[in-house]
Amino acid sequence: MSKTVAKFMAAPDFEGLPLQNDQELNKSSTQSLALPLNNHELSRAYETDVFVKDAFTRLNKTDAVVVVADLQMGLFQIVHDYEPTTFKNNIIAHAMLADLFNLPIILTTSAESGPNGPLPKEIINKFPNAPYIKRNGEVDAWDNADFKAAVKNSGKSQVILAGITTDVCTEYLALSLVSEGYTVFANTEASGTFSKRLADDANRRMERAGVILMGTFSVAMDLMRDWRNTPGSAQVLPWLDTYLPAYGVVARAHEGAVKNGTYAEGELGLKH
């Protein structure tokens, strides 16, 4: 799995970390220390650019499971880092990735009989046979035995995750999954919280621990890999038209130009 690692390098002003001469540095050049580090070491490591990340960890549609964590209608009301109409579309799109790419999906809620409320009907109705774990107390879904069993029973090592709130339901579960050896892709477009500041802080903590931050379009493109695949252009473009209208408009404009388009005066011959 992809992990963020820090290498201790010779740096006279790198307070709290051991200094190394050239021989020691060469000897340890292939050694790395996996997170977590303490807060002081984290901040100093970022300041001195000693963090090294895997360049590109690819999603694998044969080894991925989608998790909907507490994307509940009551909690939806406390999300202020996204506009409500956009965010509702985002959370439904997150779940519908499972339908588009035929991925297993796990649904979980926190105290849904109270003010947190239920999951959107669009998600529940689309996946009537999916594992649906209704937690009655555990804040971190990984602390629930039934949820943990559902993830393990999926047989997948990659988890595509979104939740409300970003700094609790997404972050806690993401960090727990990383500690258990899973590769976690947090869908930041489908995770929301009280403010952008809190989202930024949570995303930074997750990224430092090796969680891969992505948006819905990026997840879809990496799962598809090639427009000629299946699912490919024929399946993905209509999906994007529904859940990512900005890209749907690109396809619609092209369709309109091909069917009805004529050159405007002065347009023909313009340089690309």
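**Exercise 1. Among contacts in the protein between residues at least 6 apart in sequence, what percentage join residues at least 24 apart?**

Solution. The structure is a predicted model, and in it 77% of the contacts between residues at least 6 apart join residues that are at least 24 apart in sequence. The elements that make these contacts can be listed next: the protein has 11 helices and 9 strands, and buried residues account for 45% of its 272 residues.

**Exercise 2. Determine the strand order of the open sheet, and explain why one side of S6 and of S9 is left without a neighbour.**

Solution. Begin with the order, which is S6-S5-S4-S7-S8-S9 for the 6 strands, with parallel pairing. Next, look at the two ends: strand S6 (132-135) and S9 stand at the edges and have a single partner strand each, so one side of each lacks a neighbour in the sheet. On average, neighbouring strands of this sheet are turned by 25° against each other, direction ignored. At the S9 edge, 3 bridges join S9 to strand S8 (residues 183-187), the two running parallel, and alanine 186 has leucine 213 of S9 as its bridge partner. Finally, add the helix that packs on the sheet: H4 touches S4, S5, S7 and S8, and its direction makes about 150° with that of S4.

**Exercise 3. Identify which residues have the most contacts inside the largest nonpolar core, and which elements supply the core.**

Solution. The largest nonpolar core has 41 residues, and those with the most contacts inside it are Phe101, Ile105, Phe127, Ile160 and Trp239. The elements that each supply at least two residues include strand S4 (64-69), helix H4 (84-100), strand S5 (105-110), strand S7 (158-163) and helix H10 (233-243). H4 gives the most, with 9 residues. To see the surroundings of one core member, take phenylalanine 101, which touches Ala220, Leu223, Met224, Pro231 and Val236 when residues up to four places away in sequence are not counted. A second core, separate from this one, has 21 residues and includes Trp142, Val159, Val178 and Val184.

**Exercise 4. Compare how H9 and H10 are buried, and explain why the buried residues of H10 line one face.**

Solution. For H9, 7 of the 9 residues are buried, so the helix is largely enclosed by the rest of the structure; these residues are Thr216, Val219, Ala220, Met221, Asp222, Leu223 and Met224. Their cover includes H4, S7, S8, S9 and H10. For H10, the buried residues are Val236, Trp239, Leu240 and Tyr243. Seen down the axis of H10, they fall within an arc of 100°, so they line one face of the helix. The cover over them includes H4, H9 and helix H11 (245-260). Just after H9, arginine 225 takes a positive phi of about 75°.

**Exercise 5. Is threonine 216 buried or exposed, and which residues does threonine 216 touch?**

Solution. First, place the residue: threonine 216 is found in helix H9. Its relative accessibility is 7%, and since buried means under 20%, threonine 216 counts as buried. Leaving out residues up to four places away in sequence, threonine 216 touches Ala93, Leu97, Asn187, Glu189 and Trp239. As a last step, consider a pair distant in sequence: threonine 216 and tyrosine 243 are 27 residues apart along the chain, and their C-alpha atoms are separated by 9.1 Å.

How values were computed:
Residues are numbered from 1 along each chain as its sequence is written. This is a predicted model: local features need pLDDT of at least 70, side-chain atom pairs count only at pLDDT 80 or more; totals for chains, interfaces and linings use all residues. Side-chain values use heavy atoms; hydrogens and water are left out. Helices (H or I, at least four residues) and strands (E, at least two) are DSSP runs, numbered from the N terminus. Buried means under 20% relative accessible area, exposed over 50%, partly exposed in between (1.4 Å probe, protein chains only). Contact means heavy atoms within 4.5 Å. A nonpolar core is a set of buried Ala, Val, Leu, Ile, Met, Phe, Trp, Tyr and Cys residues joined through side-chain atoms within 4.5 Å. Two strands pair if DSSP finds at least two bridges between them. Axes are lines fitted to C-alpha atoms, for helices over the stretch in contact, and angles run from 0 to 180 degrees between N-to-C directions. The arc is that of the directions from the helix axis to the C-beta atoms.
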